[in-house]
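Here are my notes on the model, set out as numbered points. Please read them with the structure open.

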Amino acid sequence: MKALVIGCGRFGVQVSEYLAWKNHDVVVVDSDSESFHALSKEFTGRTLCGIGYDKDILEQAGISTIDVVIGCTSSDSLNAVVASIAKNVYHVPIVIARMYDPIRARMFEAMGIYTVSITRLGLDNVVEYLEGIKSWRVVRKFGNDVQLVRARIPASLEGKPFSELDVDGKIKLIAVDRQGHSFVPKQDDFCEYSDIVHLSVSMDYLEQARDLLQL
């Protein structure tokens, strides 16, 4: 996975070093070159000095081929700008933003941007999301019978009709998030890579549902 981390403060260092340790290709951007001294000697990623939302800097970082952008600065506004550009201009599949403001965090999550807020701050949240929640997340349980699930469409299902995700009495597709927009799919609409689908799934059909989504 190719990851772009914006901000090399304490949190940015933790995220960058973890991703590099997991053998991911990491680029770290910060406006202060001195901040890179906080990275350990074992860090194998690349550093780039500049403003995180600057087009030239983002393109030097290779954003057109990046799989995940993580805004780690201490500024909600800067992280918001970076997340919006990554999601809406470059269509990066996975965008994560550190947010102190819970209202802004909820707004960005509605746009398909995962946020790490002040109430759940930490590397564990990012790790959990990248290693599991990005693909399959139980949003809500309705008694012991039904779960509301949020799942990401893998590349292998691109072009598959959304109608094939419905299984009578077992799975019902409710809505789709695509590049910051949400819609209720029509029968002749097709999946696109990295779409977020919201499904109601019968508890006795969870394993089959994951198989259907190839997760």
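1. In which strand does Ile 70 lie? Ile 70 belongs to strand β4, residues 68–71. Strands here are DSSP runs of E of at least two residues, helices are runs of H or I of at least four, and both are numbered from the N terminus. Ile 70 has a relative accessible area of 0% and is therefore buried; buried means under 20%, exposed over 50%, and partly exposed in between, with a 1.4 Å probe and protein chains only. From Ile 70 to Thr 115 the C-alpha distance is 9.4 Å, with their positions 45 residues apart in sequence.

2. A word on the source. This is a predicted model, in which local features need pLDDT of at least 70 and side-chain atom pairs count only at pLDDT 80 or more, while totals for chains, interfaces and linings use all residues. Residues are numbered from 1 along each chain as its sequence is written, and side-chain values use heavy atoms, with hydrogens and water left out.

3. Confidence. The mean pLDDT of the protein chain is 86, pLDDT being the predictor's confidence in each residue on a scale from 0 to 100. A value of 70 or more is reached by 92% of the residues. Among the elements, strand β3 (residues 46–49) has the highest mean, 97, and helix α5 (residues 123–133) the lowest, 62. Where pLDDT is low, the predicted coordinates should not be read in detail.

4. Overall form. The protein chain has six helices and 11 strands. Its radius of gyration is 18 Å, which agrees with the value near 17 Å for a compact globule of 215 residues; the radius is taken over C-alpha atoms, and the globule rule is 2.2 Å times the number of residues to the power 0.38. Along the principal axes, the C-alpha trace spans about 60 × 35 × 30 Å.

5. Packing and surface. Of the 215 residues, 45% are buried. Contact means heavy atoms within 4.5 Å. Among contacts between residues at least 6 apart in sequence, 56% join residues at least 24 apart. The accessible surface is about 10900 Å², and carbon and sulfur atoms account for 50% of that; the areas come from the Shrake-Rupley method with a 1.4 Å probe, and for residues only the protein chains shown count as cover.

6. Charge. There are 29 negative and 23 positive side chains, and the centres of the two sets lie 3 Å apart. Lys and Arg count as positive and Asp and Glu as negative, without His or the chain ends. Each charge is placed at NZ of Lys, CZ of Arg, CG of Asp or CD of Glu.

7. The loop between α3 and β5. Both Pro 93 and His 91 are found here. Pro 93 is buried because its relative accessibility is 16%. Not counting residues up to four places away in sequence, Pro 93 touches Ile 66, Asp 67, Lys 87, Arg 152, Tyr 193 and Ser 194. The C-alpha atoms of Pro 93 and Gln 14 are 22 Å apart, with the two residues 79 apart along the chain. His 91 counts as partly exposed because its relative accessible area is 40%. His 91 is not a glycine, but its phi is positive, at about 55°.

8. Two other loop residues. Asn 23 sits in the loop between α1 (10–21) and β2 (25–30). Its phi is near 70°, positive in a residue other than glycine, and its relative accessibility of 71% makes Asn 23 exposed. Gly 169 sits in the loop between β8 (146–152) and β9 (171–178), and is exposed at 68% relative accessibility. Gly 169 and Val 201 are 32 residues apart along the chain, and their C-alpha atoms are separated by 8.7 Å.

9. Is Arg 140 buried or exposed? Arg 140 is exposed, because its relative accessibility is 51%. The residue is part of strand β7, residues 136–142. Leaving aside residues up to four places away in sequence, Arg 140 touches Val 146, Gln 147 and Leu 148. From Arg 140 to Ser 64, 76 residues apart along the chain, the C-alpha separation is 34 Å.
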